[in-house]
Amino acid sequence: MNPLHYMRRVNDEYDLEPSIAHRYNASVVEKYVKQKVKILDVGCWTGQLYSALVNTQYNYTGIDISGEAIFVARERFKDANWKVSDATKLPFIKSSFDAVLMFEVLEHLGDREQLCINELGRVLKNGGILILSTPAYNLMSILSDPAYFLQNHKHYKELELRKFLKNDFAIQKVWLKGNVIYVSMYLMQMFFKHVFKAVIHGYLRKIWEKVAYEEFKTKGGFLGYYLIARKK
């Protein structure tokens, strides 16, 4: 199956509120992107990142290939711009945005990564910022990702990411995130979601999430790369 046409359904229990990763992603955006500029969120899903950025002042546009997810986003957040779009064929003119965000999308594009990166460069202004995250290719990250074995979920080496970006971007910073506590919580949530069709609730979840977020925010890890680059 073409990864670009694989779409899961929106899950009301998991896909509306910002996750630990969304909250961290929002903190990265707030650190590196000036307020009141035009930003494009590629793979926005139901607007969870936008929700985490709700107290900021960005001119925000979110795109996703899922029409269902975009419908949900439009219903929830009417003060942002939402479009159904393929990440390799963006419906925007050249140099439309000051910043482009793409968290956990590259790995879903099959062999079309370079097409997507080229499109990001096309719609980004010269000097604009790209913030990207994607799974890292290492043993611990692979063993922590059942989708790697079940759905050919791709993982990348840093050298591969640099190769994708070398023509249009100057990389400024690369770092790893996702450590043991966060990964254990994520895997347990996925186990309950897919096996028991249920969600972990209650005091235990609140404490676990608090500890996991603190770990994610303050420590390095092995799960995935974050990358900051400037359009040349």
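# Exercises on a predicted model

The accessible surface of the protein chain amounts to about 12200 Å², and carbon and sulfur atoms account for 55% of this area. The model is predicted, and the exercises below go from the whole chain to single residues.

## Exercise 1. The overall fold

Describe the secondary structure of the protein chain and decide whether its radius of gyration agrees or disagrees with that of a compact globule.

*Solution.* Begin with the secondary structure, which comes to nine helices and seven strands. Next take the extent of the chain: its C-alpha atoms fill a box of roughly 45 × 40 × 40 Å along the principal axes. For 232 residues a compact globule would have a radius of gyration near 17 Å, and because the protein chain has 17 Å, the two agree. Two further values complete the picture: buried residues make up 48% of the 232 residues, and among contacts between residues at least 6 apart in sequence, 74% join residues at least 24 apart.

## Exercise 2. The surroundings of helix α4

List the buried residues of helix α4 and identify the elements against which they pack.

*Solution.* Helix α4 covers residues 113–123, and its buried residues are E113, C116, I117, E119, L120, G121 and V123. An α-helix has 3.6 residues a turn, so residues three or four places apart point the same way. That rule is worth holding against the list when viewing the helix. The buried residues of α4 pack against the strands β1 (38–42), β4 (97–103), β5 (124–135), β6 (169–177) and β7 (224–231), and also against helix α7 (158–165).

## Exercise 3. Two aromatic pairs

Classify the ring pairs Y50–Y60 and Y182–F216 by their geometry, and state which elements each pair links.

*Solution.* The structure holds 15 aromatic pairs. In one of them, the rings of Y50 and Y60 have their centres 4.7 Å apart and their planes at 50°, so this pair is tilted. Y50 belongs to helix α2 and Y60 to strand β2 (residues 59–64), so that the pair links distant parts of the chain, ten residues apart. Y50 is buried because its relative accessible area is 11%, and Y60 likewise counts as buried, at 3% relative accessibility.

The pair of Y182 and F216 has a centre-to-centre distance of 4.7 Å and an angle of 65° between the planes, and is edge-to-face. Since Y182 lies in helix α8 (residues 180–196) and F216 in helix α9 (residues 203–218), the pair ties together parts that are 34 residues apart in sequence. Both Y182 and F216 are buried. These two residues also belong to one aromatic cluster, formed by Y24, Y32, F103, W175, Y182, Y186, F216 and Y226.

## Exercise 4. S51 and V84

Assign S51 and V84 to their elements, determine whether each is buried or exposed, or in between, and name their contacts beyond four places in sequence.

*Solution.* S51 is found in helix α2, which spans residues 48–52. With a relative accessible area of 17%, S51 falls under the 20% limit and is therefore buried. Its contacts, leaving aside neighbours within four places in sequence, are P18 and F77.

V84 lies in strand β3 (residues 81–84). Its relative accessible area is 45%, so V84 is partly exposed. Beyond four places in sequence, V84 is in contact with D64, I65, S66, G67, I70 and R74. For one of these partners, D64, which is 20 residues away along the chain, the C-alpha atoms are separated by 5.2 Å.

## Exercise 5. A nonpolar patch and two positive phi angles

Locate the nonpolar surface patch, then place K36 and N152, two non-glycine residues with positive phi, in the chain.

*Solution.* L139, L143, F149 and L150 make a nonpolar surface patch of about 510 Å². Helices α5 (139–143) and α6 (146–150) each supply at least two residues of this patch. L139, found in helix α5, is exposed, with a relative accessible area of 61%.

K36 has a phi near 70°, a positive value in a residue other than glycine, and is found in the loop between α1 (20–32) and β1. At 63% relative accessibility, K36 counts as exposed. N152 is not a glycine either, yet has a positive phi of about 55°, and its place is the loop between α6 and α7. N152 is exposed because its relative accessible area is 64%.

Conventions. Residues numbered from 1 in each chain as written. Predicted model: local features only at pLDDT ≥ 70, side-chain atom pairs only at ≥ 80, totals over all residues. Heavy atoms only, no water. Patch = residues over 30% accessible without salt bridge, like charges linked within 9 Å, V, L, I, M, F, W, Y side chains within 5 Å. Areas by Shrake-Rupley, 256 points an atom, 1.4 Å probe, with all protein chains shown as cover. Salt bridge = Lys/Arg side-chain N within 4 Å of Asp/Glu carboxyl O. Buried < 20%, exposed > 50% of the residue type's maximum accessible area, 1.4 Å probe, protein only. Contact = heavy atoms within 4.5 Å. Rg over C-alpha atoms; globule rule 2.2 N^0.38 Å. Phe/Tyr/Trp six-rings, centres within 6.5 Å; stacked < 30°, edge-to-face > 60°.
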